[in-house]
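Visitor: Please take a close look at one part of this model for me. I would like the sheet and its pairings, strand by strand, and then a few other places for context.

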Amino acid sequence: MTDQSASVQRHTAIIIGSGFGGQAAAVNLRRLGIEDFLMLERRAWPGGTWSQNSYPGAAVDVHSPLYSLSFEPYPWTQMFAGQQELVEYTNHVLTKHQLHEKIRLNTNVTEVVWDAGESCWRIQTDGQGAFQAQFLINASGPLSTPVIPAFKGRDSFKGRSFHTNAWDNGYDLKDKRVAVIGSGASAAQVIPAIAPEVKTLAVFQRTPHWVMPRADRVFSTFERTLLGIKWFYKILRIAIYWSLEWRVIGFKYSTTLLNIIGGRAAVKHIENQIADPALRAAVTPNYIIGCKRVILSNTLYPTLARPNVRLHTKDDGIAEINERGIRTLKGEQLDLDLIVYSTGYDATDGAISYPVKGVGGVSIRDQWREYPRAYLGTCLPGFPNFFVVTGPNTGIGHTSALFIIESQMEYIRRAIAAVQSAKARSIEVTAEAENDYTTMIHREMQKTVWQTGGCHSWYQSKSGHVIAMFPGFSFSFRRMAKAFKPSHHIIH
Ligand SMILES: Cc1cc2nc3c(=O)[nH]c(=O)nc-3n(C[C@H](O)[C@H](O)[C@H](O)COP(=O)(O)OP(=O)(O)OC[C@H]3O[C@@H](n4cnc5c(N)ncnc54)[C@H](O)[C@@H]3O)c2cc1C
């Protein structure tokens, strides 16, 4: 229903974001019988991560039958789907579940404030008016707002530059002098994809990542027919799920096992793919495998060994960016046509892309001053009816992020159902329950390679706490999410 007179659009629920998190939330609202909802999306197109990241080589790193929504199987053409197929899948989900009509594009949420008098959220947007909703689901994405470090002289460069998150597909790479800054998952995909086309490629690597072989394969027509059978798809998902889940034993309980199985295979991968001892040394990390996200690639190392590609390690890093290109720490001037920033996201301290003010005007930024925290990574005391998809400590490196997103939906659905069945207006987690949960998370985190593996990664917030990861088996998270505890909540 829309109240034009007050020019505030009122809805039972509003979802911020239209990626897989937003899509899963929409389908789950419908399961509760809530049809009166909207999805607000800041971009001119729907779909989140995969619509946004169109850089050459972009692809998922988790087997596609598992990296798909459980309620929407798909006859994938290959094991690790490329970006275009992921966009096709996204559109398939949006169309099949009639979500296009629920999405308001070009609607950037700038602030949300809890109205205690009316027990609802007031939502401000950039030029698209104000909205009001009883329930607010933030699905603004953990890796949605890119970060470009303030390199000295960054804005003086006269050539082209863009982040991998905002690739200009109209830009002709042929015979160009290019630099890629960064060595994470996106860099590992874009470097092999563009190296054959460009004239020269300078790769700036602050710290190397461990890289493992990528067991990708194209599915045959017969296999795709099998993927079209629901029970087969389900069994395959279960098989892939368990084949990945055991890795948590290494990440959390045994770095010895991690080194024996993962570390040795990764060293072998370097030896198999790189002949030059200096290059081998340059790409070999000095921390335990798993501490940073493990990259899957069969093409990165051979690309770094190409004659037109040069790897600049930390001691030969960026002194400054200038009009012509980059001056390195060793004093060399690299003249460039294009600088690609593959410098990641703020997945911890800046995880919610707009200010949120809860009960008494307290902001999440203040509540998270020390470090981001939330009960089940999803809700906070003082923020009734507000649910954060992919919130603090819900990230997962060894399996599909969509498994965790759908687990959060199990909790969100039960929380909203509790309000509905009590004929109440709002639900809020107690401070005690949130505190117990967060204490448990960071106690468990002490056992993990992400906290103790000897690296600094984007998993950590400024405080040093690991925020981007869940410290345990993904099935443990799902079990907790499903076991809704009324005593942990206040229902008004
Ligand atoms: C390059 C890349 C590769 C990845 N690979 C993998 C992988 O291999 N495996 C894996 O499990 N995960 C991977 N991920 C993580 C991926 O983000 C999640 O798997 C999943 O897509 C997250 O979905 P989401 O809906 O939560 O967020 P997103 O897909 O990021 O969607 C968030 C949406 O919210 C919108 N939004 C943000 N702020 C606002 C605002 N203020 N107002 C309105 N709209 C807003 C954004 O524009 C965006 O469309 C990858 C991420 C990236 C960036």
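Guide: Glu-320 has its bridge partner in strand S15: Arg-327. This is a predicted model. Three bridges join S14 to S15, which covers residues 325–328, and the two strands run antiparallel. A hairpin of three residues connects S14 to S15.

Now the other flank of S15. Here too the pairing is antiparallel, with three bridges between S15 and S16. One bridge pair is Gly-325 and Asp-335, the latter in S16. The link between S15 and S16 is again a hairpin, this time with four residues between the strands. Look at Gly-331 in that turn: its phi is positive, about 90°.

Put together, these strands make an open sheet of three, in the order S14-S15-S16, with antiparallel pairing. S14 (318–321) and S16 (333–335) stand at the edges. Each has a single partner strand, so one side of each has no neighbour in the sheet. From one strand to the next, the twist averages 25°. As a general point, strands of a sheet pair through backbone hydrogen bonds, either parallel or antiparallel.

Step back along the chain to Pro-307. It sits in the loop between helix H10 (300–304) and strand S13 (309–312). Pro-307 counts as exposed because it has 6 C-beta neighbours inside 10 Å; the cut-off for exposed is 12 or fewer. Pro-307 and Ala-195 are 112 residues apart in sequence, yet their C-alpha atoms are 10.0 Å apart in space.

Next, Ile-260. This residue belongs to helix H8 (residues 255–273). Ile-260 has 12 other C-beta atoms within 10 Å and is exposed. Its separation from Gly-250 is ten residues in sequence and 9.6 Å in space, C-alpha to C-alpha.

Helix H13 shows two sides. It runs over residues 431–445, which makes 15 residues. At 1.5 Å a residue, H13 should span 21 Å. The end C-alpha atoms of H13 are 21 Å apart, so the expectation and the model agree. The buried residues of H13 are Glu-434, Ile-441 and Met-445. Seen down the axis of H13, the buried residues fall within an arc of 35°, so they line one face of the helix. Turn to the other side of H13 and the exposed residues there are Glu-432, Thr-439 and Arg-443.

Last, the ligand. There are 33 residues around it. Gly-17, Gly-19, Gly-21, Gly-48 and Gly-141 come nearest. The shell divides into 13 nonpolar, 16 polar and four charged residues. Helix H1 (residues 20–31) gives the most to this shell, with three residues.

Back to the sheet, to close. S15 takes part in both hairpins: three residues join S14 to S15, and four lie between S15 and S16. Keep two bridge pairs in view while you turn the model. Glu-320 with Arg-327 marks the pairing with S15, and Gly-325 with Asp-335 marks the pairing with S16.

Terms used. Residues are numbered from 1 along each chain as its sequence is written. This is a predicted model: local features need pLDDT of at least 70, side-chain atom pairs count only at pLDDT 80 or more; totals for chains, interfaces and linings use all residues. A residue is buried if 20 or more other C-beta atoms lie within 10 Å of its own, exposed if 12 or fewer, and partly exposed in between; C-beta atoms are placed from the backbone. A residue is near a molecule or strand if its C-beta atom, placed from the backbone, lies within 6 Å of it. Ala, Val, Leu, Ile, Met, Phe, Trp, Tyr, Cys and Pro count as nonpolar, Asp, Glu, Lys and Arg as charged, and the others, Gly among them, as polar. Two strands pair if DSSP finds at least two bridges between them. Axes are lines fitted to C-alpha atoms, for helices over the stretch in contact, and angles run from 0 to 180 degrees between N-to-C directions. The expected span of a helix is 1.5 Å times one less than its number of residues. The arc is that of the directions from the helix axis to the C-beta atoms.
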